[in-house]
Protein chains: 4
Amino acid sequence: MHEDVVRRGRLSGERSKDLKSFLSSMDADRTIVNEDILVDIAHLLMLHRQEIISHEHMRVILKSLLLLQKNGVPDSAFDEGFEDIHAGIEALLISSAGEESGGRLHMGRSRNDEVAACIRLRLRDSLLGQMNALLQLRKTLIDMAEKHCETIMPGFTHLQYAQPTTLAHYLLAYEEAFSRDFERLSEAYSRVNRSPLGAAAFASTGYRIDRDYPAKLLGFDGIVTNTMDAVASRDFALEVLGDLTILMATVSRLCEEIVLWSSPLAGFISIDEVFCSTSSIMPQKKNPDTAEIMRAKTGSVLGAFTSAVVITKGIPMSYNRDFQELNPHLWRAVKDSVISITLLSEMLRTIRFDTKKMKGEAGRGFSTATDLADFLVLEYGLPFRTAHSIVGRAVRKGTIDMKSLDEAAAELTKQTLTARGLTDEKVKKALSAEGSVGARDHPGGPAAPAVHVVIRHAGKKFEHDRKLVESRNHAARDAIRSMLDEARRLAE
Amino acid sequence: MHEDVVRRGRLSGERSKDLKSFLSSMDADRTIVNEDILVDIAHLLMLHRQEIISHEHMRVILKSLLLLQKNGVPDSAFDEGFEDIHAGIEALLISSAGEESGGRLHMGRSRNDEVAACIRLRLRDSLLGQMNALLQLRKTLIDMAEKHCETIMPGFTHLQYAQPTTLAHYLLAYEEAFSRDFERLSEAYSRVNRSPLGAAAFASTGYRIDRDYPAKLLGFDGIVTNTMDAVASRDFALEVLGDLTILMATVSRLCEEIVLWSSPLAGFISIDEVFCSTSSIMPQKKNPDTAEIMRAKTGSVLGAFTSAVVITKGIPMSYNRDFQELNPHLWRAVKDSVISITLLSEMLRTIRFDTKKMKGEAGRGFSTATDLADFLVLEYGLPFRTAHSIVGRAVRKGTIDMKSLDEAAAELTKQTLTARGLTDEKVKKALSAEGSVGARDHPGGPAAPAVHVVIRHAGKKFEHDRKLVESRNHAARDAIRSMLDEARRLAE
Amino acid sequence: MHEDVVRRGRLSGERSKDLKSFLSSMDADRTIVNEDILVDIAHLLMLHRQEIISHEHMRVILKSLLLLQKNGVPDSAFDEGFEDIHAGIEALLISSAGEESGGRLHMGRSRNDEVAACIRLRLRDSLLGQMNALLQLRKTLIDMAEKHCETIMPGFTHLQYAQPTTLAHYLLAYEEAFSRDFERLSEAYSRVNRSPLGAAAFASTGYRIDRDYPAKLLGFDGIVTNTMDAVASRDFALEVLGDLTILMATVSRLCEEIVLWSSPLAGFISIDEVFCSTSSIMPQKKNPDTAEIMRAKTGSVLGAFTSAVVITKGIPMSYNRDFQELNPHLWRAVKDSVISITLLSEMLRTIRFDTKKMKGEAGRGFSTATDLADFLVLEYGLPFRTAHSIVGRAVRKGTIDMKSLDEAAAELTKQTLTARGLTDEKVKKALSAEGSVGARDHPGGPAAPAVHVVIRHAGKKFEHDRKLVESRNHAARDAIRSMLDEARRLAE
Amino acid sequence: MHEDVVRRGRLSGERSKDLKSFLSSMDADRTIVNEDILVDIAHLLMLHRQEIISHEHMRVILKSLLLLQKNGVPDSAFDEGFEDIHAGIEALLISSAGEESGGRLHMGRSRNDEVAACIRLRLRDSLLGQMNALLQLRKTLIDMAEKHCETIMPGFTHLQYAQPTTLAHYLLAYEEAFSRDFERLSEAYSRVNRSPLGAAAFASTGYRIDRDYPAKLLGFDGIVTNTMDAVASRDFALEVLGDLTILMATVSRLCEEIVLWSSPLAGFISIDEVFCSTSSIMPQKKNPDTAEIMRAKTGSVLGAFTSAVVITKGIPMSYNRDFQELNPHLWRAVKDSVISITLLSEMLRTIRFDTKKMKGEAGRGFSTATDLADFLVLEYGLPFRTAHSIVGRAVRKGTIDMKSLDEAAAELTKQTLTARGLTDEKVKKALSAEGSVGARDHPGGPAAPAVHVVIRHAGKKFEHDRKLVESRNHAARDAIRSMLDEARRLAE
């Protein structure tokens, strides 16, 4: 391992392996090592442009950095003897470029603004990935809905059959929820993609730096103004974790239903076998493991948010080492979420629905009793609450027919429904599942025409959001590409 | 207690007091009872406009509702024998207006959309209150910063003296953080202020309702489209709770510092006595209790978020009674946050800073050693890392003077600094706290000119945000006022 | 409101209503007000016995205290102008007994040890109540198991039918889990029931107090030795909250199954109507609300634990006002848990099982395929993994019969099972649900004889635990009764 | 990669890399791979003893297992194509021993009981390691206390100087708290160290197994009786996580004080440099990073508990794949805690106290004002509350001297203290820090004699606990050693 140049001046003493491993952030730093090189380059170009570093020293360092950018950072820089990858890379530069040049990169900055910049860069990309995955999921749900605008299924409340609805209506409920998750992440993006560079330790620096230039080079949308805030705040990370927790809470609901609907208890769907496991002992088993693990990931992501909040709670200004412990939780949650959303889309696309069974169940359990009550209101002018009570009492008697309805009506209103003109035929018609769904043709309702409108609208919103992600993606990549071009030019 | 008209038809059996209390949401429903009356009125006006209810029945119900709106809902409606306030109010209406009229209000809706509408209405107002409180807090910080642009204080990292900064710089760090909290809540507002009405149980309804009209009457910015999503989603509540958690995590940091700075260990500030307590046994004590409790509230609000996520985790579509348990957590967190922010502003305004002590400490602990290292770089062309090591080693020797510097330089570079031309005087000048701060005149930095720029910018942003809250406030109140005017007209 | 005698000397200034409410713990203090009187009496008796207070002053205060103990503390003591109920009661005493006597009670103590003692006393009783409720729940499960030793039902893994089991086996799984919850709470009890009295602010006191005497008077099992630890630790509260969270996590699993089994998807059980609700719109609905809210309470209790940990995290020694914010979470969680467990027992006792349906389902879904694989192993000496693969492949072909088995065996082993002597009849016998369950006669297994053994054992453990709770209950009550007798004697 | 023999029969389809990685538990399984071999051996010996497997097949498998036990499991078994390490090892055995033998190991069990056994074995060892680390920490604190029985320091409440105390008193407060953490973990141990083996999938098995024998072989203290509970419960893991969270909450308090006391704000201690870092930019910095990260670990461990509870919440019986996601959180928390406690002991041992500064501060801030109030009570018979108010008001006047005391007394009691006989000298004596501490000679108090008693007691308790851990350690190791001896004998 190269000498730890940060530590050598001020501190002495040999650390135990346990202590090194405890203090080091190297595991999590693998996530941001590529970003670190980019941040180094941006900083260096700024130092040069501001004439803080000479052209010659700049070229020597830049060559080394471009090599690392091209070939990757060697394992030696990840030695846990370094406190972090930033120290590791600086040692590497000094070892390759000599201290006379390599020792000049860290002018006008600190690891505090450096690491914050790396985290933000990496998180920016993760968010774009997450937004892309969410777009795919929304597209999947829209496509599925399109095929099932007229597929009738039982709608549930309290896990009891409630009223018939359409499968499209159900799928679009999730689509709408996930589009709000997209909005939240998209708004978080604008707070994440800001540059803390130039903040140095927290008070900026005595060198004549330019804070805007490296921000522009790296494709940030601007700077975090206050330099203390720039290094001491992690609310941007908490926000992303909070948003992911909320997203995963919705994912876990969908997965709960996949588990339930693929159970023989419901038998509504079957999932492709690649997403399932069998048992080591029970040869018949086909278990919905992917959905189960996905459901469990909600717990993992919430735990990450909890950890991150607790870690920052009550920590005085400005930077404190506690922050280092936040990062692994962030990267773990980001990774869990994006893979969950990606696989969820894939799994959904393989689902086969037993539409016959779903429709059959849609009419069970007096699920259209509301429609009968409504019919009594509309046809005979009964108050809704009276009609509701009559039908409810008939159900309690065990069945809905003229006998039970008449009895119930007589008990509650002193008059039978037969006397009002109700017939078996009318009851039967009022109780039809198709009729029930068809009548619910309101904005956002389950009837086929209503569903078609929403699908069109969702498609447009999808297209709009797709373009937004694309343009952000391009902006970020273009900036990095331009910076590297400029760097290569200067390094010649 | 009036008869429970919702339950009477379908279910029988007498509940124990414990069971009633367990199932009832009455405690939390006190928070939304006023909103419930407004939602009832909006629904009723829509039923009338769509000719689903006759003018006469409408007038009878409307009169009762307007009376409740004016005089408040009597305690009898909060009997825990009712499952919730919605059942309590319906029973009240039927008791006062007769079932023939009162039994007609619940056409075309369900408690599921009704309660979601009430929660959203109430939360909308809470958010506006919270944003207002945040505005006051930002204004307080800006005003304080304005007075302390040149007040030098020690800046900390790791709770060690790091570099001198200005009090204004420190205060503006919080101001910038809180303005992001404002942004988040403001964005959440646009997802909260949507109407779920017309969703009924989840599948909308067979009546010819209009979903837009009640949304407009109540001042909502539009509807939640999918009707299943409208009753089954609580991500809007989770989002607010997440945002409040993040906000409180920052509050707890500021409070930690208030506790610390008012401790004799620091002695930087003193707080007005009304915010302090003494001890029942130690007569000399003046404790910063308000800041301590505020710091603790972070735990309470995070707990509320945790509870809310867990409650919704894995719950299948659509409405489940579990959701009821979420509400008390929401209201508790909202109340805790708004009062914390309000009192925090008030407390901050009373703080007296011991600026002499703060400035005195700003130069202690070699806090300008970075400036000396930078001076060596700029004056003698040393690589930064070399200069950093020399100064660090001098500190390890116990003091920074020509002797220790020369020794360190000789050890690390084989050459003394004296030989390069360094003198005691130059060292002293490089180490001056005022010089250090003055040189840090970058955007967002601590130097007075930089701070002035930020204060102007923050003031403009404050003004912009103040107007936004004001216009939302007006829009919401105007809508309600117009609806009540219309209702009074129709009730005549 | 009486004068705040604690505050008057040191601090001035008038507090706003908001601030009073923010700082006051009065709401939560209602939970411990009775305990506070008992703690006052114990402290006073000690002061008298140690001759720190004169007989006359003691009598005057004691009379007032006994009146409060008998008649309850009046509302005036709960004025939010007092910081807490301890200040409220002291003001009351001084107002009624005069400062010359009433001002002497607080010698040799502080609110810090006083409030810790109150919390521990109250929590002790809550724990006994919780343990009692758990005992009832275990008894309920044992009684139910006794009736269902031979009721065959489908056992699940991954919510798929896995293997047949007995209802008794299933119920006893929960009984065993809940008996571990009992153990944990019982062990926590021994850490809760310790006296912090005599610790005063944290450093004990200069008066010649006796720490053991009030501990004995109040029925504590001893003292918390270190006086700083005694006022500054809340791990006893965290432990109870942790234990309750774990308990509720198990409760939520049972409730999940109650919701699921009472759904038409399963149709295994029906719950008494008092535990259910209907819908305000869907007259047919009978929803398992009690189980849903109970399931949701897990989130509330976990949230309380989270809050409590965060509140104490990183708080330096010794007492800090943050602790006050912990108490409402503690009392809420304790109340939620005990009522949940109590109602759960009651609800379980009303469940009617559709044993015919359960048995019918037990044989579905190839749930005895393992038994067939085992039969192939035992009868024809096939390696288990080979047999497992053969049966698994037969299932994949859609059915288990000689044809599919032979095909699968030929593919995997180059030999049909017919060739080995397998017949349709043998297959059918191997697949019988009764045979499967009957063969599982191992300790803790589902076969009737195994279940009977466990029921006997569980009954004995129940009896043992019942006696433990009873004896602790008696010890606590006897101590308080003796102390009050002694107090009345001295007050004469 | 070897064929996945578990999957091959029932399921088809090729999985993507992402999906494999999502479903696989291989990362976390590295933690339990050694335990898995031991569990395999125990199961095999039982199968042989019960004559379920022939001597010959047993020997073939056993030889392979012993080789793996000796040489470690090769990387090929960790291929993510296997769902878990259990499938990986079985494939390895079949590949090396042939399916005819290797395919027979999995008779009479399932991965469900297998993995539960592995987790419990591993956790047992982790708990012993944790208890050992806690013992070292307690010993460290006792040793430090012994040296500082008479070191006077300021005691804090609300981070204000409260009363003088001794450093030993302070250190022993933590010792007592940590000894309760030890108790909790020790009690958890007895629930962890139970064998689930023989539960198979959850319903036990049709083979004539013996559940007690493998439990004894592996050194378990007995079996988890109910076989459904045995595979479906994870409360033992939740309990450990809860206990560790509580432990870390106390650790974070101590670390908070280490950070604070080593800050120039306090200047009470200095930590050895190996536990500190410097800054990449500020050459003077010596930051208490180890304590900061340790403090942050509380957040990580609480997050792990949260995740684990959420993952198990509402999951129906019996085994569900969600449980797999719990394990990484468990292992992470266990590792974080044990290393934190170990390093904490090491760091504490290097601390140098500035006892002169601590003593100097102990008398500041009117910290003995209580003693003066007590003196007024004892000497002049004033009611405590009156004396408290007089001294409090004197402090508010800015200083405690005869003038301010007389004024305050006159205002509150119409009589000066001079008139009662108080003199400057008496005041000075009453305010002495040594006197204050010396008078506090109660059980658990700060006076040297009291502290000595506690140190002796703590030493005895330490010795007792040390022996308990030792004997458990021996029992566990002896069992495994005996089993391996027996296995080697049978394999010959």
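Tutor: Contact here means heavy atoms within 4.5 Å. The model is predicted.

Student: How many residues does the contact take from chain A and from chain D?

Tutor: The count rests on heavy atoms within 4.5 Å. By that rule, the contact takes from chain A and from chain D 61 residues and 61 residues.

Student: What area do chain A and chain D bury between them, and how many salt bridges does the rule find across their interface?

Tutor: The size of an interface is often given as the accessible area lost when the parts come together. For chain A and chain D, 61% of the buried area is on carbon and sulfur atoms, and the total is about 5400 Å². The salt bridges found across this interface number eight.

Student: Which residue of chain A meets D:Glu325 in a salt bridge?

Tutor: A salt bridge needs a side-chain nitrogen of Lys or Arg within 4 Å of a carboxyl oxygen of Asp or Glu. For D:Glu325 the N to O distance is 3.0 Å. The partner is A:Lys297.

Student: How much area is buried between chain B and chain A, and which residues of chain B lose the most?

Tutor: The contact takes 107 residues from chain B and 108 residues from chain A. The buried area is about 9400 Å², with 57% from carbon and sulfur atoms. On the chain B side, three residues together give 9% of what that side buries: B:Arg253, B:Met317 and B:Arg385.

Student: How many salt bridges cross the interface of chain B and chain A, and which residue of chain A pairs with B:Glu183?

Tutor: The rule finds 14 salt bridges across this interface. In the one formed by B:Glu183, the closest N and O atoms are 2.8 Å apart. The residue of chain A is A:Arg191.

Student: Are α12(B) and α13(B) roughly parallel or roughly antiparallel?

Tutor: Helix α12 (residues 289–312) and helix α13 (residues 322–350) of chain B have axes 9 Å apart and pack at an angle of about 155°. Angles over 145 degrees count as roughly antiparallel, so α12(B) and α13(B) are roughly antiparallel. Their contact comprises twelve nonpolar, seven polar and five charged residues. The handedness of the crossing is left-handed.

Student: How do α16(B) and α17(B) lie relative to each other, and what is the handedness of their crossing?

Tutor: The axes of α16 (residues 384–396) and α17 (residues 402–413) of chain B come within 8 Å and cross at roughly 130°, so the two helices are oblique to each other. The crossing is right-handed.

Student: Which residues of α16(B) meet α17(B)?

Tutor: On the α17(B) side, the residues met include B:Leu405, B:Ala408 and B:Leu412. By class, the contact has seven nonpolar, four polar and two charged residues. From α16(B) come B:Thr386, B:Ser389, B:Ile390, B:Val391, B:Arg393 and B:Ala394.

Student: Where are the cis peptide bonds from A:Met317 to A:Ser318 and from D:Met317 to D:Ser318 placed?

Tutor: Most residues other than glycine have a negative phi, and most peptide bonds are trans. The bond from A:Met317 to A:Ser318 is cis with omega near -10°, and the one joining D:Met317 and D:Ser318 is cis with omega about -10°. A:Ser318 lies in the loop between α12 and α13 of chain A, and D:Ser318 in the loop between α12 and α13 of chain D.

Student: Where does A:Ala200 lie, and what is its phi?

Tutor: A:Ala200 is in the loop between α8 (167–192) and α9 (212–217) of chain A. Its phi is positive, in a residue other than glycine, with a value near 50°.

Conventions
Residues numbered from 1 in each chain as written. Chains lettered and ligands numbered in written order. Predicted model: local features only at pLDDT ≥ 70, side-chain atom pairs only at ≥ 80, totals over all residues. Heavy atoms only, no water. Axes fitted to C-alpha atoms, helices over the stretch in contact; angles between N-to-C directions. Helix = DSSP H or I, 4+ residues; strand = E, 2+ residues; numbered from the N terminus. Parallel < 35°, antiparallel > 145°, perpendicular 65-115°, else oblique. Left-handed = near helix turned anticlockwise from the far one by under 90°. Nonpolar A, V, L, I, M, F, W, Y, C, P; charged D, E, K, R; others polar. Buried area = accessible area lost by both parts, 1.4 Å probe.
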